[in-house]
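Visitor: I'd like to learn how to read a few local features in a model like this one. Could you walk me through some residues?

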Amino acid sequence: MNKPLIGAFLAALLLGAGVAPAVAAESAQARESATEVTPAPAAKAVTFAGTVALSNCSGAVVRSPDSAPTDPALVLTNGHCLETGFPGPGEVLVDRPSTRTFTLLDASGGGVGTLRASKIAYGTMTDTDLSLYELTSTYEEIESAYGIEALELETDHPAAGTAITVASGYWKRTYSCGIDGFVHQLKEGRWTWKDSVRYTPECQTIGGTSGSPVIDDATGKVVAVNNTGNESGQECTDNNPCEVDENGSVTVREGINYAQQTYDMVPCIGVGNKIDLDREGCGLPKP
């Protein structure tokens, strides 16, 4: 796993890049009659707005498309970032009291306020590696106090080749790359995750980036949550996940990092942002 860290002691340089709009060329032979071509809209630059820093990990304030402004806000991070410790294989936490705090960041990565959890709404490291905290603040209260909106969760399975940004609130650093593909089973130590996102090599995430939202550069929506990488080329050990295909063949990719998809979590978020594992389409494991 991208190991959770204890205490922040430095901040990395913020990385970012703008996207230049396309420029339409005019035909020299038809300048008088040529119609103007409107450039395609450029993708919004990914910022830190809505991300959070935990004591040991990264995360983000997130919402489903159906979340209401008056709903208690949710923070997304990894299951292995829970203050209760790593959930064991097959363990699922639901509605556990929590008073954990999160530092909310603005677009430039500056801390603008402290958010507090009321409970761990959901957490697991089985099939996926994610947790959702329910906050004491609503979305509209956060926006009113800080001018920051939650990141929206994508409802569809992402596609290979998608340009993405991993935004770490802990390090105040972004990593830009693409989705290289998807892993049938990703095994690390005692845990197994399904249909994991594999990054292209440019995303060299590190400890403390665990729980970072993985953002589709074109839509600005969250498609996954960053969680692990193979650090030293070992096979299926802690901090050295291996890929297992449908036929059971094992592949080790040293230096490659991974994330867990979030689209199948969206149907589990019901009225009032309450987690309902019995809702149609919910893909999260049950206790």
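Visitor: Let's start with Asn257: in which strand is the place of this residue?

Guide: Keep in mind that this is a predicted model. Asn257 sits in strand S16, which covers residues 257-261.

Visitor: Is Asn257 buried or exposed?

Guide: The idea is to compare relative accessible area with a cut-off: buried means under 20%. Asn257 has 6%, so it is buried.

Visitor: And what does the side chain of Asn257 reach?

Guide: For a polar contact, look for a pair of N or O atoms within 3.5 Å. Here the Asn257 side chain gets to the backbone oxygen of Cys203, at 3.0 Å.

Visitor: Which residues does Asn257 touch, not counting those up to four places away in sequence?

Guide: Cys203 turns up again, along with Gln204 and Thr205. The list also includes Val197, Arg198 and Tyr199, then Thr228 and Gly229, and Asn2 as well.

Visitor: On to backbone angles. What is phi of Asp95 near?

Guide: When you scan phi, pick out positive values in residues other than glycine. Asp95 is such a case, with phi near 55°. Asp95 belongs to strand S4, residues 92-97, and counts as partly exposed because its relative accessibility is 43%.

Visitor: What about Asp195: which sign does its phi have, and where does this residue lie?

Guide: Asp195 is not a glycine, yet its phi is positive, about 55°. You'll find Asp195 in strand S11, residues 191-199. Its relative accessibility is 27%, so Asp195 counts as partly exposed.

Key: Residues numbered from 1 in each chain as written. Predicted model: local features only at pLDDT ≥ 70, side-chain atom pairs only at ≥ 80, totals over all residues. Heavy atoms only, no water. Helix = DSSP H or I, 4+ residues; strand = E, 2+ residues; numbered from the N terminus. Buried < 20%, exposed > 50% of the residue type's maximum accessible area, 1.4 Å probe, protein only. Polar contact = N/O pair within 3.5 Å; in protein donor to acceptor, adjacent residues only side chain to side chain. Contact = heavy atoms within 4.5 Å.
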